[in-house]
Amino acid sequence: MRPTDLQPAPASASLYEKHTTVHPKRIDGPFRRFKWLVMLVTLGIYYGTPWLRWDRGPYAPDQAVLIDLEHRRFYMFDIEIWPHEFYFVAGLLIMAGIGLFLITSAVGRAWCGYACPQTVWTDLFQHVDRFVDGDRNARMRLDKAPWTAGKAARRLAKWTIYLVIAFWTGGAWIMYFADAPTLTREFWAGDAAPVAYATVAVLTGTTFLLGGFMREQVCIYMCPWPRIQTAMLDEKSLIVTYKDWRGEPRGSLKKAQKAPDAFGDCVDCNQCVAVCPTGIDIREGPQIGCITCALCIDACDRVMKEIGRPRGLIDYATLEDCEREAAGAAPRPVWKTLTHPRTLIYLGVWSAIGAALLFALGTRAHTGLTVQSDRNPPFMLMSDGSVRNSYTVKLRNMQSRPRTMALSLVGLPGATMWTDDMSKDAATRQFAREVSADVTLPLRVYVIAPRGTGGGTFAFQVTSPDGESDSSETAFNAPEPPR
Ligand code: SF4
Ligand code: SF4
């Protein structure tokens, strides 16, 4: 009977794999340099964006990217999103989701390997490890060494740097929600809102823990995205793969030099494993722990160069190409995988949503109104037989300057209107109001129609001096005519 056949697990068996600390070795190469570039750009954007200024005139904040929860606005350079335009944010989120599918279809788990925040911060913390404790061997020795004053000092120094990075990360996050220079001053003076301190504390703690200690555990056990990606990958997907038909049987360089025909190109130097940030051996085949960062490609290419063999024993390739190559065909250029029909479909959908959002953004009006009629009572019958309905009308001025906006009645012949700040005697079919920059002006509007007017619909229309207008149809309630 095989050990897995319906036998209870031995009493000593654990449900969980024992955690082994990964100490990736320093490596240089084109993919490592690309990772440096992505790290600099992504961290630069994250930490620097709240400090960018953008002149929107005297009536709007001058922070380039701002989520203004208090006034319910989202600013991004020249774009200002109001709450009723949340569909833009929903569209961007949908684009981000489809963008992940697109990236996975085109270049496999490149998001995980280069741009995911967990990857970027883990990479940063691993550089801190190297800076404080040295490279892989020195760190492994230090881990095994007994606790001494020197080891404690190194640990303290390292964790302090972790904490500073984590605090800076949490601090940068809250800057997106208020004017960054003002909030910084208030934060250090103890005058910021409690939620700001709580947010920084939570993000400092999670960054410290996830980037400093949990690292590859997050990718392998906690994050759902690798599972979803695994379902999306097929034999046409680009993955980092070890070309076993070329590398096996593996043997040390010494053995291979003695019997060149008996061994493949892999000299079993273990460099690909030593540099791997998740600590896996890519020679065991594609696996969920591989975030396709390609550092093992850099390591193996360097070994191949040193021993005078062609590069690419570990390389980006599709499983389909691997089979063709193993059968003797020439390697296919990687860019050809980008024209996979599924990739083109994702690109088409992603581009169409993007174009629709851009069109909607470019053609949206900066004048608007919403109307809500009173439900109780639905109408008032006046002593002269005329009928009055009441409404709350909100005029929206979405420009960053004050504008005079005219409100008028469309339909409902003979009807006039007035507001709380007008006399009923001044009732008219159109009046104007000055609406401050970037605000919604609520008005109580009373519409009165002559005796004998029946129920029906009409519209309020708002027009701004630059010709923009918006209208909203609503009901006019009246008593049933006598039978
Ligand atoms: S196996 Fe290679 S590509 Fe995969 S995570 Fe490790 S180093 Fe990166
Ligand atoms: S780095 Fe290359 S040669 Fe060395 S063990 Fe890995 S696959 Fe083999």
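**A tour from Met140 to the sheet**

Select Met140 to begin: this residue counts as partly exposed because 14 C-beta neighbours lie inside 10 Å, where buried requires 20 or more other C-beta atoms within 10 Å of the residue's own, exposed 12 or fewer, and partly exposed falls in between, with C-beta atoms placed from the backbone. This is a predicted model, in which local features need pLDDT of at least 70 and side-chain atom pairs count only at pLDDT 80 or more, while totals for chains, interfaces and linings use all residues. Residues are numbered from 1 along each chain as its sequence is written, and chains are lettered from A and ligands numbered from 1 in the order in which they are written.

Met140 lies in helix H5, residues 136-144; helices (H or I, at least four residues) and strands (E, at least two) are DSSP runs numbered from the N terminus. Add Val202, 62 residues apart from Met140 along the chain, and the two C-alpha atoms are separated by 31 Å.

Next, select ligand 2, which 15 residues surround, the closest being Cys266, Cys269, Gln271, Cys272 and Cys300; a residue is near a molecule if its C-beta atom, placed from the backbone, lies within 6 Å of it. Helix H13 (271-274) and helix H14 (295-306) each supply at least two residues of this shell, and H14 gives the most, with three.

Finally, display the open sheet of four strands, ordered S11-S9-S13-S14 with antiparallel pairing, where two strands pair if DSSP finds at least two bridges between them. Its edge strands, each pairing on one side only, are S11 (430-435) and S14 (469-476). Within the sheet, five bridges join S9 (residues 403-410) to S13 (residues 456-463), and Leu409 stands opposite Phe460 in S13.
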